[in-house]
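Visitor: Please take a close look at one part of this protein for me. I would like the part first placed within the whole.

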Amino acid sequence: MLTLLFSQSFSGSVVIMLIFFFCMICRKKLSYKWQYYIWAAAIVRLLLPFGPAENLAENAASWIQDSLYAAVEHAESPAPSAPVPEADNTDRNAHADIHAAQSLPDSLDNQTSYGDLQAQSRQYQGTADRPAISLLHAVWAARNYLCVFWLLTAALLFLHKATVYQDFIRFIRAGSMPVDQIDSLEALSELESRLGIKKAIDLWECPLISSPMLIGFVHPCIVLPKKSLSQRQLYYTMLHELIHFKRKDMYYKWAAQLALCIHWFNPLVWAMYLLASQDIELSCDEAVIHAFGEAQKSAYAMALIRM
């Protein structure tokens, strides 16, 4: 599982970096709408557990795993014993044996054989290698614990985000009141027809928030701050939120949230989430300006500032 996870995270990181540099280079020529769609490619790659049959990330992860396994196997296998030289009766070899015996420390017995010295050497070498062998065993055995730690962290992170969102929705709904002004409801109905939205969307007002928002998957609702808004500002605000609904931006954001929870250890995924969230709002503002025309761009900007 870790091999598949690291493969997805690595290839997703490559896609994120390519998108980032592409958007940086083509920012003046590329609309926020297309940047919004391009980030979806990175989210899909991070979420889908499959890809090409042969890819660099999976090969690299397999190579690391095989290398570690081979290192552990090599550390556990006994070292081959060195061959004991055969006795030679020539004067030259006899002279070399005498010289070697004289060079030994006094603490060693002169009757110690060459094979005994080799056995002692192997024993000392094994003692020196024990920390390295223990470290390899620890790393190899920890892979299962790492998998459990990753899965537990991802599940807790997603559960935390879902719980916080549900509590926030309850908090907003508890302090909200439905808008009953006929002009506002007629404007909302007109915008829904203009955008081809058939599902009825509620319009609420809440004094606990400072900016408008769209909440709810099953029962969507536009929540407005309790401020005095002109008819034009109200029109802009409702159109902005309805565009979010029409493009299914709530699902888009939660898909990005899910990718973030799965790849919580990857800082590039956190950067992707922040950039994608920013492009979602900018692309929606761009769509509102396109709907009203460039002539209303400054008026829309002023409405945003006053919100």
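Guide: The model is a predicted one, and the protein in it has 10 helices and 4 strands. In sequence order, these elements run α-α-α-α-α-β-α-β-β-β-α-α-α-α. The part to look at here is helix α1, which covers residues 2-25.

Begin with its length. Helix α1 holds 24 residues, and at 1.5 Å a residue these should span 34 Å. The C-alpha atoms at its two ends lie 34 Å apart, so the span agrees with the expected value.

Next, its buried positions. Counting as buried those residues under 20% relative accessible area, the list for α1 includes the hydrophobic side chains of Leu 2, Leu 5, Ile 16 and Ile 19. Four serines, Ser 7, Ser 9, Ser 11 and Ser 13, are also on the list. Gln 8, Gly 12 and Cys 23 complete the buried set of this helix.

For the setting, the protein has 307 residues, of which 30% count as buried. Its exposed area is about 19,800 Å², with 64% supplied by carbon and sulfur atoms. Where contacts join residues at least 6 apart in sequence, 74% of them link residues at least 24 apart.

One position elsewhere in the chain deserves a note. Lys 248 is not a glycine, yet its phi is positive, at about 60 degrees. This lysine, Lys 248, sits in the loop that runs between α7 (231-246) and α8 (249-262). Its relative accessibility is 45%, so Lys 248 counts as partly exposed, the class between buried, under 20%, and exposed, over 50%.

Conventions
Residues numbered from 1 in each chain as written. Predicted model: local features only at pLDDT ≥ 70, side-chain atom pairs only at ≥ 80, totals over all residues. Heavy atoms only, no water. Buried < 20%, exposed > 50% of the residue type's maximum accessible area, 1.4 Å probe, protein only. Contact = heavy atoms within 4.5 Å. Areas by Shrake-Rupley, 256 points an atom, 1.4 Å probe, with all protein chains shown as cover. Expected span 1.5 Å × (residues − 1).
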